[in-house]
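Biologist: Before we discuss this protein in detail, could you put the model on the screen so that we can go through it together?

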Amino acid sequence: MDSPNPFPLFRLPFLAIEEVFKAMNPFEIINFSMISKRTKSVTQQMTFYSKYSIRINASEMLEIWVAGPKYMTQCFYKFTTNQEINGEVVENTWNSRNELLVWKYSNNPVEEWKKLCKHVLKIFKKETIDLLLMTMDAFVNQNVSTTDFLKANVKSVNECYLFQSVKENDINEHAAYLLKNIKITNAFSSYLHIKNDNFNGKIPKNLKELKIHYSQWIGYERLLEIDCKSVILEKNLITNKEWNMFFKKWIAMKTHLKLEYLEIDYRDIEKFRALVLHDIPHEVVDRRVKRTFKTRRNETQEISGGIDIKRIDGKTATLFVYRVFSTDRFAMSIH
C-alpha cells in the first residue's frame with residue numbers, strides 16, 4: 001500500500017500555520033525547527049512566543065526547560081552521559097498540567113547543552129532567561145565558559161539560584177565572575193559557601209527579592225550596599241551594635257529606601273529591643289492587636305503585636321517573629 005501523502009503545511013495561510021504551531025508542545029516545535037532550514041525559518045516566524053519561558057539548569061544534570069503559556073505544558077531536555085537512557089521520555093500530568101522529560105545522550109554534554117540552548121533561545125526569540133539554576137562546583141572547569149556563553153546569548157536573567165554541592169570547594173572566583181557578567185533583574189538566591197569576607201562578588205541591585213542562605217560574608221558595609229525590596233539573610237553575623245546603626249540610617253532615609261521586607265535568623269524580640277533599640281524611638285504594640293503584613297514573595301501573614309519604628313517620611317517598620325517552614329524567623333515589614 002502506498003503511504004499517504006504528507007500534510008501540505010507550507011501551503012496553508014500563515015495564520016493557519018500559526019494555529020498548527022499553537023497546538024504543538026515545545027518539544028514538537030523544537031524538533032520541527034530542526035528538520036531543515038525552511039522549517040527553522042518558518043518556526044522563527046511565529047508571533048506568540050512571548051507566552052513561553054526558558055529555564056536553564058547548569059548543575060550535575062544539565063537541563064533546558066521550555067514552558068508553554070501559563071505553564072500548562074513544560075518540557076525538559078536532560079543531558080546525560082548514560083547512553084542506555086538516551087531518548088527516554090517520561091510524561092507526568094497533574095491538575096491539567098503536562099510535564100514532558102526527554103533524556104539526550106552526549107559524550108560532551110556541556111557543549112551539546114550549549115548548542116541546544118542557543119538554538120532554543122533563537123527559535124523562541126528570547127533574550128531573557130526566566131530562571132537560571134547553577135551548581136558552581138558541578139563543572140568547575142566550565143564555569144567561566146558557561147558564564148561567557150550566557151553573557152553572549154542572553155541580555156538578562158529574571159531569577160537566578162546559585163548552589164554548590166560540597167561546601168569545602170572554593171567557588172569564590174567563579175561566583176564573582178558570574179555576578180559581574182550576568183544581569184539579574186528580579187530575584188537572586190545564593191546557597192554558596194563563600195570562604196572569606198574579601199569576596200568581591202557584585203550583589204545585584206533593584207531586585208524584588210534577594211536571599212543569601214549562608215550570609216556570614218555580608219557584613220555591615222555590604223548590608224548598606226544592598227538595594228532590594230525583599231532581603232532574606234540566613235546565618236548572618238551582623239552584631240547588635242551594627243543593627244543599631246542600620247536602623248538609625250534607615251530612619252534617617254540614608255539606606256535601603258526601597259526595602260519593603262527584611263528577614264534574618266530568629267532573635268528573641270525582647271532581647272533585640274533591649275540590645276538594639278535601646279536608644280531608638282519605637283512603640284511596642286499590644287499582642288491583642290492583629291495586623292496583616294507582607295512577607296517573603298509577596299505573601300501575607302497576620303501578626304499579633306510587634307514593634308513599630310517610624311521613618312522620617314512617615315513610613316513604619318514593624319518588627320515581629322513568625323514561623324516559616326516550621327522555623328521561627330525574625331522579620332521587618334515596612335508599610
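The questions below go from the whole chain to a central strand pairing, a cavity, two hairpins and a few single residues.

Biologist: As this is a predicted model, I would like to start with the overall make-up: how many helices and strands are there in the chain?

Modeller: The model is indeed a predicted one, and its C-alpha trace spans about 90 × 40 × 35 Å along the principal axes. Of the 335 residues, 50% count as buried, and among contacts with a separation of 6 or more, 59% are between residues 24 or more positions apart. As for secondary structure, the chain has 9 helices and 15 strands.

Biologist: Turning to strand 1, how many of its residues are buried?

Modeller: The side chains of Ser53, Arg55 and Asn57 point one way from strand 1, while those of Ile54, Ile56 and Ala58 point the other way, and all of these residues are buried. Such a pattern fits the general rule that side chains in a regular strand alternate between the two faces of the sheet. Strand 1 is largely enclosed by the rest of the structure, because the buried residues number 6 of the 6.

Biologist: Which residue of strand 6 is the bridge partner of Ala58?

Modeller: Strand 1 has pairings with two strands to consider, and with strand 2 it pairs in the antiparallel sense over 6 bridges, with Val66 as the bridge partner of Ile54 and a hairpin of 3 residues as the connection. With strand 6, in contrast, strand 1 runs parallel, and 4 bridges join them. In that parallel pairing, the partner of Ala58 is Met134.

Biologist: Is Ser59, in the loop between strand 1 and strand 2, buried or exposed?

Modeller: The side chain of Ser59 makes a polar contact of 2.6 Å with the side chain of Asn57. Beyond four places in sequence, Ser59 touches Leu133, Met134, Thr135, Ala138 and Phe139. With a relative accessible area of 8%, under the 20% cut-off, Ser59 is classed as buried.

Biologist: What is the volume of the largest cavity?

Modeller: The structure holds 3 cavities of 30 Å³ or more. The lining of the largest cavity includes Ala58, Met134 and Asn143, and helix 4, strand 6 and helix 5 are the elements that give two or more residues to it. By class, that lining has 6 nonpolar, 4 polar and no charged residues. The volume of this largest cavity is about 70 Å³.

Biologist: Which residue offers its backbone oxygen to the side chain of Asn143?

Modeller: Asn143 is in helix 5 and, at 4% relative accessibility, counts as buried. Apart from neighbours within four places in sequence, its contacts are with Met134, Met136 and His174. The side chain of Asn143 reaches, at 2.6 Å, the backbone oxygen of Met136.

Biologist: How far apart in space are the C-alpha atoms of Ile182 and Ser156?

Modeller: Ile182 sits in the loop between helix 6 and strand 8, and its 8% relative accessibility places it among the buried residues. Leaving aside neighbours within four places in sequence, Ile182 is in contact with Thr147, Leu150, Lys151 and Val157. Although Ile182 and Ser156 are 26 residues apart in sequence, their C-alpha atoms are separated by 6.6 Å.

Biologist: What is the relative accessibility of Cys228?

Modeller: Cys228 belongs to the loop between helix 7 and strand 10, and its C-alpha atom is 6.0 Å from that of Lys205, a residue 23 positions away along the chain. Not counting residues up to four places away, Cys228 touches Pro204, Asn206, Leu207, Leu210, Lys258 and Leu259. Cys228 counts as buried, and its relative accessibility is 1%.

Biologist: Finally, in the hairpin of strand 13 and strand 14, which residue takes a positive phi?

Modeller: Strand 13 pairs in the antiparallel sense with strand 12 over 8 bridges, where Gly306 is the partner of Val285, and in the hairpin of that pair Arg297 takes a positive phi near 50°. Strand 13 also pairs in the antiparallel sense with strand 14, over 4 bridges, and there Ile309 stands opposite Ala317. The hairpin of strand 13 and strand 14 has 5 residues between the strands, and the residue with a positive phi, near 100°, is Gly314.

Terms used: Residues are numbered from 1 along each chain as its sequence is written. This is a predicted model: local features need pLDDT of at least 70, side-chain atom pairs count only at pLDDT 80 or more; totals for chains, interfaces and linings use all residues. Side-chain values use heavy atoms; hydrogens and water are left out. On a 1 Å grid over the protein atoms alone, a cavity is a set of points where a 1.4 Å probe fits but cannot get out, and a pocket is an open set with protein on both sides within 12 Å along at least five of seven lines; lining residues have an atom within 4 Å of a point. Grid points are joined across faces, edges and corners, and a volume is the space filled by probe spheres set on the points. Ala, Val, Leu, Ile, Met, Phe, Trp, Tyr, Cys and Pro count as nonpolar, Asp, Glu, Lys and Arg as charged, and the others, Gly among them, as polar. Two strands pair if DSSP finds at least two bridges between them. Buried means under 20% relative accessible area, exposed over 50%, partly exposed in between (1.4 Å probe, protein chains only). Contact means heavy atoms within 4.5 Å. A polar contact is a pair of N or O atoms within 3.5 Å; within protein, one must be able to donate a hydrogen and the other to accept it, and residues adjacent in sequence count only if both atoms are side-chain atoms.
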